[in-house]
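User: Could you take me through one part of this protein up close? I'd like to look at a sheet and the pocket beside its elements, in plain words please.

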Amino acid sequence: MSLWAKVRELEGDSLRQIQNLYGQNFPIEFRHYFADIIERQQWDQLDPDNTPNDEPHAKYILDLFLGEIQKQCDSLIEARDFVQRLHFSEIASHFKNVYGPAPLELVRTVKRILSIEKRLVQHAHSVRMHMRNDQHSEKLSHINSELKRLAAMTRDTENDLRQLQSNQEYFVINYQDSLKITSELQQIQQLDPSNPNRQYETQLTRKQAEVDKLLRAEAQKLQQLRASLATRHEETFTHLSQLQNQILDEELIKWKRSQALAYNGVQHESNLDQLQQWCVTLAEIIWQNRQQIKRVELQRQQLPINNPGRDVLPDLNATITALLSTLVTSTFIIEKQPPQVLKTQTRFGATIRLLVGGKLNVHMNPPTVKASIISENQAKALLKNDTSRSITEMSGEILNPESVMEYHPQSGILSVNFKNMSLRRIKRSDKRGAESVTEEKFTILFQSRFSVGGNELVFQVRTLSLPVVVIVHGNQEANAAASILWDNAFAEQGRIPFHIPDKVPWCKLIETLDYKWKHECHSSRGLTQQAKQYLGYKVFSNILSHKKQIVPINSDRQISWAQFNREPLPNRNFTFWQWFNGVMELTKSKHLQKHWDDGAIIGFIGKAESQDKLVSKSLASFLLRYSDSEIGGLTIAWVAESDKAPGIPRVWNLQPQTLRDYGIRSLADRIKDLDQLMYIIKSDNTTQVKDEVFGQYYSKTISSSPQGDGYVRTELMQHIP
């Protein structure tokens, strides 16, 4: 992200300080529209007080700024752009008047502004990181404290339950005494009135009245204790439900979303062990509460007491069982996804994990997990619980689809690692309109069945993989990757499988492409501002009103899936994605990746723009750019004398070269071979002697002396006739 992009995110006092930085001598409009060209200059190498040495460079920058302003004015040809074009002209005129006589003052002004911007951005970043860490720590602390609170509440209800059991036992003892007294009283009452034992009748009657009074008091106390315990269980279950929703519907879903974005190169925060720890603690608390409810049921069976109010015990039992069921089914997850571009007859793997398996002793009878491939429609039916068709009729045949889960005692992980699955065949649906086979999505269904609590509860669990595109040939891989990239980037949470928006904002797509580029090229150097502007023009060129019109990087202009990878680029037989993927495959190869990291490859620059850049440079200057006409091609543009007008510079373009060419002779050696190439223009707009940039990659010179076998070695060299 550029410095200016970060500045635009500032708020409050920092933003007010930014606004106060700019004035007539350096307007904020110029900073906004020309941020890329401003930040590309090597300001750190310039000293505004070093007039003899740095003034020529300062004048070059001033001329560069004036030239860029003129280009922008030329691109504003619509009537509605009149005021903006006039404003840019005024800025250029003011720059000439103020900085023309003293170009180093421009350097002084810009260095001061950029220094303050960097300081404010760094401060804001530190504040945000501190707040983010605080929020993350606060969230962890909240969940952990809630778990401790629920554990304490469960211990309290356990103590209440024991007290209730003790009171009930006391009631039963007194009840037995009452029965004994009643029996004795009945026997005495049946005696002859003259029997001496009749004298005990009054005493027993009084004793029975006392016991009955005690029993009524104890019965009322038991009712109160049972009601109080039910209330406390209701409170516990409410908090349990809320916390479980936060862990499963927020944290676990966030982890799953992060897993999908990881395919596109977004850093995946793997906090699965933390999630398992939370879920295991939840499972333990839920299980303890469920056991308490079962003991309450047993107590009531042992001693039925009529309750004048509504009996909430069945609801409590249903609630706690539902919480356990949701926890178990939701924590049956895919730890390692199968490949999302899946080629038939090719081995692939996946890892399935049950986060609560160890705590619920599922590993005592390890379950078998089965994998099946189903279509998009079958996935829809499955989520609607219409399983009659979707599970019995699969969309293909997977070899080695079953495996048994294994328990790892040290980590408490219950998982299964599929290593040798292979998709033997696939059954496709009828094509829909313009949709190709590389746009048709499937998913791998993993399902299992196991019991907990000694077969007391039986769970049937299942989980769906991220969308999978099935291919049968390598030439389908690029288009399949486009479908997966779009789906992973723009799928909404809780969608119907596998609905995605047909159009997305350009700013979101270019951000996705930047992540993908850095991930695939294993580079911290992503797409530059220039590259993003070039790509914006490339994808929208057929609808832009002027060939010099720029699509801002933060533009909300909508780009459709058809523009991305269905409709060919103007005057080409390939799509935007096919072209982008081609240069990405080229750049991430062992032949070019190091040169991209070194900044030797500008890459994303058009033919006309490269000519404008080179024509003012010294003869034998050159740059590396991606070919517009050939997928996965790199061309060298250089400036030399015109063959028709000696003394007049002309820009030449070497025929594009591909991975196949660099497999024969490396890029560095090819550049070494050509004396026409002496000074390379790098991505930061600096110029260096080619040996300084590529010398470390030159191949060793082959000796002309005979080798041990008596033969003299030869080598291929690049040559321009």
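Analyst: Here's a walk through the sheet, then the pocket. Keep in mind that this is a predicted model.

Let's start with the sheet. Four strands make it up, in the order E6-E4-E9-E10, and it is an open sheet with antiparallel pairing. Strands E6 (402-404) and E10 (457-464) sit at the edges with a single partner strand each, so one side of each has no neighbour in the sheet. Going from one strand to the next, the twist averages 25°.

Now zoom in on E10 and its partner. Strand E9, residues 442-452, runs antiparallel to E10, and eight bridges join the two. One pair to find on screen is Val452 and its bridge partner in E10, Leu457. Helix H11 (residues 376-383) packs on this sheet, where it touches E4 (368-375), E9 and E10. The direction of H11 makes about 120° with that of E4.

H11 and E10 turn up again in the second largest pocket: each gives two or more residues to its lining, as do helices H8 (201-263), H10 (313-330) and H13 (477-490) and strand E1 (332-336). H8 provides the largest share, with 11 residues. This pocket has a volume of about 1100 Å³, and 37 residues line it. Want to find its centre? Look for Ile253, Lys256, Thr463, Leu464 and Gln493, the lining residues that lie nearest to it. As for the mix, the lining holds 17 nonpolar, 13 polar and seven charged residues.

Notes: Residues numbered from 1 in each chain as written. Predicted model: local features only at pLDDT ≥ 70, side-chain atom pairs only at ≥ 80, totals over all residues. Heavy atoms only, no water. Pairing = 2+ DSSP bridges. Axes fitted to C-alpha atoms, helices over the stretch in contact; angles between N-to-C directions. Contact = heavy atoms within 4.5 Å. 1 Å grid on protein atoms, 1.4 Å probe; cavity = no way out; pocket = protein on both sides within 12 Å on 5 of 7 lines; lining within 4 Å. Points joined across faces, edges and corners; volume = space filled by probe spheres on them. Nonpolar A, V, L, I, M, F, W, Y, C, P; charged D, E, K, R; others polar.
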